[in-house]
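Please look through the model below with two topics in mind: its largest pocket and its charged side chains.

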Amino acid sequence: MTDISSLEPLATFCGNCDCGCPQLFVDESAPAERRIVITDDFGQRVEMSADQFGSIVADAKAGKLDTVAAL
């Protein structure tokens, strides 16, 4: 597992509090299949490839995740 303490977040989701909001990082030194890192406010993280993340973004843009956002 890569240490992300030296990485700058590309995006912070929420940002309206000090709860340790979820963040998105790009770790250029990680293997390609683990380069995108998303952390949550519980100290967990998900690592994925840029292609996998792109698929999530495309689905979100197409409205496929709208029901999740409504929960």
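Which residues line the largest pocket? In this predicted model, the lining is made up of F13, P22, I38, F53, I56, V57, A60 and K61. The space in this pocket comes to about 150 Å³. Helix α1, which covers residues 50-61, gives the largest share of the lining, with five residues. Sorted by class, the lining holds seven nonpolar residues and one charged residue, and no polar ones.

The charged side chains come next. Side chains of opposite charge can pair when their charged atoms come close. With a cut-off of 4 Å between a side-chain nitrogen of Lys or Arg and a carboxyl oxygen of Asp or Glu, the model has three salt bridges.

One of them joins R34 to E47, and the closest N and O atoms of this pair are 2.4 Å apart. R34 sits in the loop between β2 (23-26) and β3 (36-39), whereas E47 belongs to strand β4 (residues 45-48), so the salt bridge ties together parts that are 13 residues apart in sequence. The relative accessible area of R34 is 36%, which means that R34 is partly exposed.

E47 has a further partner in R45, with 2.7 Å between the closest N and O atoms. R45 is also partly exposed, at a relative accessible area of 24%.

The remaining pair to describe is D59 with K64, where the closest N and O atoms lie 3.6 Å apart. D59 is partly exposed, with a relative accessible area of 28%, while K64 is exposed, with a value of 59%. How are R34, R45 and E47 joined into one network? They are linked by salt bridges that share partners, E47 being paired with R34 and with R45.

Another charged residue to examine is D27, found in the loop between β2 and β3. Is D27 buried or exposed? D27 is buried, and it has no salt bridge. The nearest side chain of opposite charge is that of R45, at a distance of 6.0 Å. Because a salt bridge requires the nitrogen and the carboxyl oxygen to be within 4 Å, D27 and R45 are not counted as a pair at 6.0 Å. What the side chain of D27 does have is a polar contact with the side chain of S29, at 2.7 Å.

Note on methods. Residues are numbered from 1 along each chain as its sequence is written. This is a predicted model: local features need pLDDT of at least 70, side-chain atom pairs count only at pLDDT 80 or more; totals for chains, interfaces and linings use all residues. Side-chain values use heavy atoms; hydrogens and water are left out. On a 1 Å grid over the protein atoms alone, a cavity is a set of points where a 1.4 Å probe fits but cannot get out, and a pocket is an open set with protein on both sides within 12 Å along at least five of seven lines; lining residues have an atom within 4 Å of a point. Grid points are joined across faces, edges and corners, and a volume is the space filled by probe spheres set on the points. Helices (H or I, at least four residues) and strands (E, at least two) are DSSP runs, numbered from the N terminus. Ala, Val, Leu, Ile, Met, Phe, Trp, Tyr, Cys and Pro count as nonpolar, Asp, Glu, Lys and Arg as charged, and the others, Gly among them, as polar. Buried means under 20% relative accessible area, exposed over 50%, partly exposed in between (1.4 Å probe, protein chains only). Lys and Arg count as positive and Asp and Glu as negative; His and the chain ends are not counted. A polar contact is a pair of N or O atoms within 3.5 Å; within protein, one must be able to donate a hydrogen and the other to accept it, and residues adjacent in sequence count only if both atoms are side-chain atoms.
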